[in-house]
Each structure stands twice: as structure tokens, then as C-alpha cells.
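Q: Please take a close look at one part of this model, the sheet and the helix that lies across it, and follow that part to where the chains touch.

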Amino acid sequence: MNVVVVGCGRVGARLANTLDQSGHSVSIVDLQPSAFRRLSQDFSGQTVIGTGIDEDVLKAAGIEEADAFIAVTNGDNTNIMAAQIAQVVFNVPHVTARIYDPVREDTYRRMGINTICPTTTIASLIMSTIFST
Amino acid sequence: MYLIVVGGGKVGYYLTKTLVNEGYEVLLIEKNQSKVDTYTERFGAIVMNGDGAEAATLAAAGAGRADVVVAVTGDDEDNLVICQMAKQRFHVKRTIARVNNPKNEELFRKLGIDVTVNHTNVILSLIEQQIPDRHFVHLLALKHAELEVVEASVSPDSPIAGQAVNDIRFPPETNIIALLRHGELIIPSGQTRVEAGDDVIAVTRLRSEAALRQLIVNE
């Protein structure tokens with residue numbers, strides 16, 4: 001699969017490393033060149049410096065041939081806009097955005113975007129560890 | 001009419017100030033508390049501290065009864081989400097977003113924003129109007145209607161110089177709406193002759209623009 005990841009933080013880098021190791025073609029975008037230090041030494045994918053909400057940057061990252069697009073920067077709004085560009089402009093088949101704010105996550109899920117909300121997910125995981133004993 | 005302005009930079013500040021002077025009911029939402037304090041001293045209690053992309057902030061601002069939400073922060077992604085949240089959760093009828101990257105104008109419209117304002121394009125078109133060698137200038141574009149208003153100067157070797165409006169074979173869905181001759185405005189009839197040196201103001205469909213340019217400027 002061709003995968004574009006926007007945001008090379010802990011989650012983005014881990015995703016990129018894992019996908020790369022399992023043989024997928026990965027391209028990862030981040031504004032800060034220093035963010036790419038989180039990638040493993042033998043990462044064989046492409047790194048692109050720029051913002052994930054600029055169509056030209058996304059094209060340089062190969063979004064036109066992408067099968068999957070994942071937006072995991074530290075900004076909810078950046079992830080939301082990047083995901084909508086991937087979905088509406090480039091028709092990427094699988095698009096996922098991380099959104100921390102549960103209300104915003106709910107809004108965009110209803111609008112047809114595949115969303116993940118760490119806030120509610122982690123809170124419910126913690127709840128289940130408390131009440132599972 | 002109740003308007004909510006999000007983003008207290010220079011654009012948001014002067015917009016709020018002007019709207020207040022015009023007598024509108026306005027609320028300005030700004031993230032930075034020290035700016036909120038300064039603006040409150042100037043405007044009174046119509047400035048609110050908060051993140052305009054958060055539903056709780058919009059709810060507290062009374063977005064449910066707002067006629068217009070205007071997002072004018074310096075970040076396109078924030079302006080997009082502010083407008084979409086206002087529309088989706090509070091059913092605000094009209095949303096206006098400031099767009100910093102000109103390429104985002106079309107995207108924002110596709111994503112349901114009613115009006116976009118792009119200062120880069122505004123300044124560009126003002127510059128285009130001032131450059132003497134430009135023979136064909138965009139004055140106004142209504143992209144919803146695919147309609148454009150353009151201004152073109154008629155050179156002596158232009159194919160339409162000396163022709164009556166009725167005899168000019170315009171591309172489809174195109175009309176001359178005004179002529180400027182030595183600074184005088186002429187609203188043309190069919191018999192009016194276009195002269196070399198005239199500035200022609202025409203309305204056209206986007207897809208006929210190239211043919212119109214060819215006809216007048218003969219580039």
C-alpha cells in the first residue's frame with residue numbers, strides 16, 4: 001500500500017516505521033525537519049518538509065497515488081483540514097484524522113470523516129482497567 | 001443582525017470596530033487573554049476569551065442565534081474548522097472565512113463555507129489594474145455563477161476597434177456593459193462604435209473568457 005502520514009510526532013513516526021518495516025511504501029510529512037529524527041535508522045520511506053494542508057506539499061508526498069492517508073499532527077484543525085483535502089480533492093480511499101477534542105471529533109465523524117479521538121479512547125481504557133478487577 | 005467575529009488580529013480588530021460603529025450587534029472571540037483585556041477597555045463587554053473552534057466557546061457566544069460567523073484568524077485550518085463547526089453544530093446561515101493561501105479558496109467553497117476573502121488575490125487584482133501594459137484585467141469573479149467581469153483596453157490593431165457593438169461576434173454568454181472613453185462612461189447600445197483607446201468592461205462566463213480575450217486583445 002502507498003501511505004501518506006502527516007505529522008512526525010510519536011504516533012506518526014511509529015506508524016511510519018511499522019508500515020515501512022512491513023513492506024508498505026510510506027511518505028511522511030512534517031513542518032520541522034528535526035521531527036524526522038524519530039524515524040528509525042533504516043526507514044526507507046520518503047520524508048517531506050512542509051505543511052500537510054498545502055496541496056503542493058501533499059502532491060510532493062505522493063498523495064495522488066496514495067491508498068491511505070493519516071493525519072496525526074498535534075493540531076486538531078490541521079488534521080481536520082488535511083483529511084478533508086485528502087478526501088475531497090484527492091479522493092484517497094482510506095482517510096483517518098486524529099482529533100483530540102471529543103465534540104469536534106463527533107462533528108466530523110458525522111460529516112463522514114474517519115476519526116480517532118484519543119481523549120475518549122484513553123479515558124474509556126483507563127475506566128476499564130479500574131473496573132475490570 | 002448578530003455577528004460573531006473570531007480572531008482578534010488586525011483584521012478582526014478593525015472589522016469589529018467598524019461593525020460596532022455601523023450599529024451592528026457584534027461579539028469578538030479571541031484566544032489571547034491580554035488582547036481580550038485591551039479590546040474590552042476599548043469596546044466594552046463584547047469581547048470574549050476562548051477558542052472559536054470549540055463548540056463550548058461558540059455556544060457561550062450564542063452562535064445559535066448568530067446570523068453570520070466571520071473567521072479571520074491568521075491560520076486557514078482554524079478558519080475552516082470555526083466555520084464548519086458554526087454551520088454543523090449551530091446551523092449558522094452565513095459563514096465567512098479569511099483565506100491566506102489563495103489555493104484554499106476553492107477548497108473552502110467545496111467544503112461548505114459561504115464566502116471566502118483572500119487578501120493575496122485582492123492585492124494581486126489591485127496591482128493588475130494599476131499596471132499600464134496589462135490589456136486584460138479581472139475586476140470581479142462570482143465563482144458560484146462562473147461569472148466574470150473583466151476590463152480590456154482596445155488597441156488600434158484590435159479586431160473590434162471601429163466596430164459597432166451589434167456587429168461584434170462575441171463568444172457565447174458575453175456582453176459589453178460599459179465603455180470608458182477619455183475618462184467618460186458610456187453605456188453602449190447596439191449602435192455604439194468601439195474606438196481604439198476605449199476601455200471595455202464586459203461580463204462573461206468563465207469558459208468564454210479566453211475567446212473574449214482573443215477577440216479584444218488579439219494576443
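**Sheet, helix and contact**

A: The model is predicted. In chain B, the domain assignment gives domain 1 as residues 2–117 and domain 2 as residues 131–217. The centres of domain 1 of chain B and domain 2 of chain B, taken over C-alpha atoms, are 38 Å apart.

The sheet is described here from chain A. Six strands of chain A form an open sheet in the order β3-β2-β1-β4-β5-β6, with parallel pairing. At its edges are β3 (46–49) and β6 (114–116) of chain A, each of which pairs on one side only. Direction ignored, neighbouring strands of this sheet are turned against each other by 20° on average.

Within the sheet, β4(A) (residues 68–71) and β5(A) (residues 94–98) run parallel and are joined by 4 bridges. Here A:F69 of chain A stands opposite A:V95 in β5(A).

Some strand pairings can be followed in chain B. Strand β1(B), residues 2–6, pairs with β2(B), residues 25–30, in the parallel sense over 5 bridges. One pair of bridge partners is B:V5 and B:L28, the latter in β2(B). Helix α1(B), residues 10–21, makes a right-handed β-α-β unit together with β1(B) and β2(B). β1(B) is also joined to β4(B), residues 68–71, by 4 bridges, and these two strands run parallel. In that pairing, B:V6 has B:A71 of β4(B) as its bridge partner.

Back in chain A, the helix to follow is α3(A). It lies across β1 (2–6), β4 and β5 of chain A. Relative to β5(A), α3(A) runs at about 170°.

That helix leads to the contact between the chains. Chain A brings 17 residues to this contact and chain B brings 16 residues. On the side of chain A that touches chain B, the elements giving two or more residues are α3 (76–89) and α4 (102–110) of chain A. Of the elements on that side, α3(A) gives the most, with 8 residues. By type, the residues of the side of chain A that touches chain B divide into 8 nonpolar, 5 polar and 4 charged.

Taken together, α3(A) has two roles in this description: it lies across β1, β4 and β5 of chain A, and it gives the most residues to the side of chain A that touches chain B.

Technical notes. Residues numbered from 1 in each chain as written. Chains lettered and ligands numbered in written order. Predicted model: local features only at pLDDT ≥ 70, side-chain atom pairs only at ≥ 80, totals over all residues. Contact = placed C-beta atoms within 7 Å. Nonpolar A, V, L, I, M, F, W, Y, C, P; charged D, E, K, R; others polar. Domains from an automatic or database assignment. Pairing = 2+ DSSP bridges. Right-handed = clockwise from strand over helix to strand, strands pointing away. Axes fitted to C-alpha atoms, helices over the stretch in contact; angles between N-to-C directions.
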